[in-house]
Amino acid sequence: MTSPKSMNPVPVGLDDGYAYTKLVLPNGQMFAIPSRARLGKANVTWIDSAEQRIFEYETEKQIFAVGEVEGEPTEFDAYPFSGLNRAIVQHALQQAGLEGHSVHAVSGLPVGSFYLKDGSRREETLARKRASLKQVVQPFDGRLPAGIAFHEVIPEALAAWYDYVITESNEGVQLEPERLQAPLAVVDIGGRTTDYVVVADQAVVHNASGSLRCGLLDVKRELADGIRARFDLETVSERRVEASIQSGTVRLFGENQDVTDLVQQAQRQMVERLHSETQRQLGQGAELERILFVGGGTVALAAQIRDWFPNQAIAEHPAFANARGMLKYLRYVCEASDAA
């Protein structure tokens, strides 16, 4: 018998990034989890089951532990089509309360992974990603899976453009005409990549758009190297490094060690590289109406990037701009196409 949950699909904007996986639901709720998992069972017994922070999922006969584990690197080319990705996405859907629901989703790929250099779409890659997330991922603890019944893929930074030009209010949904026609650049600072999309007259300008293999995970990697060298360590956990970025300290040998200078150095190296590439892609940006910064990196580096252009702006809740745009694309572009 079909359950009521599966009969009424839930539309979801799904930004399944290399560093964080973000979801936006139609009621405006936003969820984010670290894209952190590893192959194999957790091998942990929770003394208090209410405190469980690692969950296990099976897909294609492989088991993945997701949550507060020492995660495997996600920065590999096949990640968007991998079991690792599917397990993390399923965990995010579960955390958002979508157990047992049928889901309609739009996700993204970096601009350089979505388009070829001549502007044509990488159709085989897109089909591969669409199919991957529709595969079954079974929670190991008896919870019902959230099943993705419909899945479309759009360029990640372009999703933020949809978020910018489609507005929702009590009066309904509308396209903002002045935003639709104005030339706009989106700079999306993510985990593995930074994406650039320039849209003018509702067309992507490909010679000013593309992807740079540089993101927040580079800061974490540089910081980890610095901590290992300073304290003569063979390894330092990824979760500990991430906490150090937030606090400027790392807890080692039972004490908090100040690593503020290492955090600043790692961030400075990334910012210098991003600044050079952004100037190469956009020049002075004089003919652009607005340069919109989005992505998790925009949150982390807001102070360092605040004065790059006189006509720049940071999107509201910038880490969720892509996911919001993906949900708007699903609800107002995909559904409109289906109705037609």
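**Exercise 1.** In what order do the four strands of the open sheet lie, and is their pairing parallel or antiparallel?

*Solution.* The structure is a predicted model, and the sheet is followed here from one side to the other. Step one is to read the order, which is 4-6-5-8, with antiparallel pairing in this open sheet of four strands. Step two is to find the edges, which are strand 4 (37-39) and strand 8 (138-139), since each of them pairs on one side only. Step three is to look at how strand 8 is held: two bridges join strand 5 (residues 54-59) to strand 8, and these two strands run antiparallel. Within that pairing, Glu-58 has Gln-138 of strand 8 as its bridge partner.

**Exercise 2.** Find which strands helix 2 lies across, and state its angle to strand 5.

*Solution.* Begin with helix 2, which covers residues 83-95, and follow it over strand 4, strand 5, strand 6 (62-67) and strand 8, across which it lies. Then compare directions: helix 2 runs at about 125° to strand 5.

**Exercise 3.** Describe the largest pocket by its space, its lining and the elements that contribute to it.

*Solution.* First, the space in the largest pocket comes to about 590 Å³. Second, 30 residues line this pocket, and those nearest its centre are Ala-19, Tyr-20, Leu-216, Gly-296 and Gly-297. Third, the elements that give two or more residues to the lining are strand 2 (20-24), strand 12 (184-189), helix 7 (216-231), helix 8 (238-247) and helix 10 (296-300), and helix 10 gives the most, with four residues. Finally, sorting the lining residues by character yields 13 nonpolar, 10 polar and seven charged.

Key: Residues are numbered from 1 along each chain as its sequence is written. This is a predicted model: local features need pLDDT of at least 70, side-chain atom pairs count only at pLDDT 80 or more; totals for chains, interfaces and linings use all residues. Side-chain values use heavy atoms; hydrogens and water are left out. On a 1 Å grid over the protein atoms alone, a cavity is a set of points where a 1.4 Å probe fits but cannot get out, and a pocket is an open set with protein on both sides within 12 Å along at least five of seven lines; lining residues have an atom within 4 Å of a point. Grid points are joined across faces, edges and corners, and a volume is the space filled by probe spheres set on the points. Ala, Val, Leu, Ile, Met, Phe, Trp, Tyr, Cys and Pro count as nonpolar, Asp, Glu, Lys and Arg as charged, and the others, Gly among them, as polar. Two strands pair if DSSP finds at least two bridges between them. Contact means heavy atoms within 4.5 Å. Axes are lines fitted to C-alpha atoms, for helices over the stretch in contact, and angles run from 0 to 180 degrees between N-to-C directions.
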